[in-house]
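Dear colleague,

I am passing on the structure we spoke about, and you will find it just below. After it I have set out what a look through the side chains, one helix and the interior turned up.

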Amino acid sequence: RSSDLPAGDDMEEFTQILAIAKNKKLLVQLGYMFRYNLGFKFIFDRIKDGSLGEIFSVRGRMSTGIPADRRPALAQYEGGIFFELLCHLTDIVVEILGRPDKVTSFLRNDLGITPEFSDSAIAIFEYEKAIASLESVAMEVSAFPVRRFEIYGTRGSVIIEPLEPPNVRLCLSKAKGDYVEGWQTVDVGEPVGRYDGELVALVADIKGENSPDRSLYHELIVQETVLRASRQIEGFLASDADSFLED
């Protein structure tokens, strides 16, 4: 099963779905839009090979402009623009840093249209040795070119701006492999369709040619974190998550 955007707003129901999938050895893949983005793949690879050192800071901004006639439909979901858009970057933050120890969010209506719709949002995710912040507004002019993601470590940093197609800059404290010391622009290759990589991966998983790139535990924690930041839940017992940990 592949799905786009958050898996609803009922954490208990989603947990039950994942439990059924685990017991019946079925696949669940959420369709978050940056999972196979070449810019983010570059970040994952640099973390894996140690180029960035210990990650201590992550920042993301992803905004849009939502007209008045679309706002009432979105207002039914707590979290507003965070629930609608920043779920995609939450997926990346959890991929990099895991389950946050503490989530604090600021959800506001600043434009004054559809007051029950949170059109301005900032969320802070706290970890033992790192902090991540995500922000979005629903009334930004020409938002796509300045959507950005930043990651900072003890050995280097990466900035993607815009996110699509990804323009990537890398900074290293020392030269490593093909990359020099200091700031440089990186060619990550020609972009492909936003969801092409997800479909290729899902088909390979179904055929048994590959193991899922993200576990059911990851899908669970992403959903939990999105709902925590949307102020829909405060979290759930660790034992609920522990049952999905891989053997």
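Arg-169 lies over the face of Trp-183, at 5.3 Å from the ring centre; please bear in mind, here and below, that this is a predicted model. A second contact of this kind involves Arg-214, whose charged end sits over the ring of Tyr-36 at 5.5 Å from the centre of that ring. Both Tyr-36 and Arg-214 come up again further down, among the residues that line the largest cavity.

Turning to rings that meet other rings, a search of the whole structure finds four aromatic pairs. In one of them, the centres of the Phe-42 and Tyr-179 rings are 5.7 Å apart and the planes stand at 85 degrees, so the pair is edge-to-face. This pair links distant parts of the chain, since Phe-42 belongs to helix H2 (residues 38-48) while Tyr-179 is in the loop between strand S9 (168-172) and strand S10 (182-186), 137 residues apart. Phe-42 is buried, with a relative accessible area of 6%, whereas Tyr-179, at 22% relative accessibility, counts as partly exposed.

The rings of Tyr-77 and Phe-83 are arranged in another way: their centres are 5.2 Å apart and their planes are at 15 degrees, so this pair is stacked. Here Tyr-77 counts as partly exposed, at 32% relative accessibility, and Phe-83 as buried, at 7%. There is also one aromatic cluster, which is formed by Phe-34, Phe-40 and Phe-149.

Helix H4 (residues 81-97) deserves a paragraph of its own. With 17 residues at 1.5 Å a residue, H4 should span 24 Å, and its end C-alpha atoms are 23 Å apart, which agrees. Even so, H4 bends by about 55 degrees at Cys-87. Of its 17 residues 15 are buried, so H4 is largely enclosed by the rest of the structure. The residue that follows H4 is Gly-98, which has a positive phi, near 85 degrees.

Finally, how many cavities of 30 Å³ or more are there? The count comes to one, and about 90 Å³ of space lies in the largest cavity. Its lining consists of Leu-27, Val-28, Gln-29, Arg-35, Tyr-36, Leu-202, Asp-205, Pro-212, Asp-213, Arg-214 and Glu-219, and so takes in the two partners of the contact described above, in which Arg-214 sits over the ring of Tyr-36.

With best wishes

Technical notes:
Residues numbered from 1 in each chain as written. Predicted model: local features only at pLDDT ≥ 70, side-chain atom pairs only at ≥ 80, totals over all residues. Heavy atoms only, no water. Phe/Tyr/Trp six-rings, centres within 6.5 Å; stacked < 30°, edge-to-face > 60°. Helix = DSSP H or I, 4+ residues; strand = E, 2+ residues; numbered from the N terminus. Buried < 20%, exposed > 50% of the residue type's maximum accessible area, 1.4 Å probe, protein only. Lys NZ or Arg CZ within 6 Å of the ring centre and 35° of its normal. Expected span 1.5 Å × (residues − 1). Bend = angle between axes of the 7 residues up to and from the residue. 1 Å grid on protein atoms, 1.4 Å probe; cavity = no way out; pocket = protein on both sides within 12 Å on 5 of 7 lines; lining within 4 Å. Points joined across faces, edges and corners; volume = space filled by probe spheres on them.
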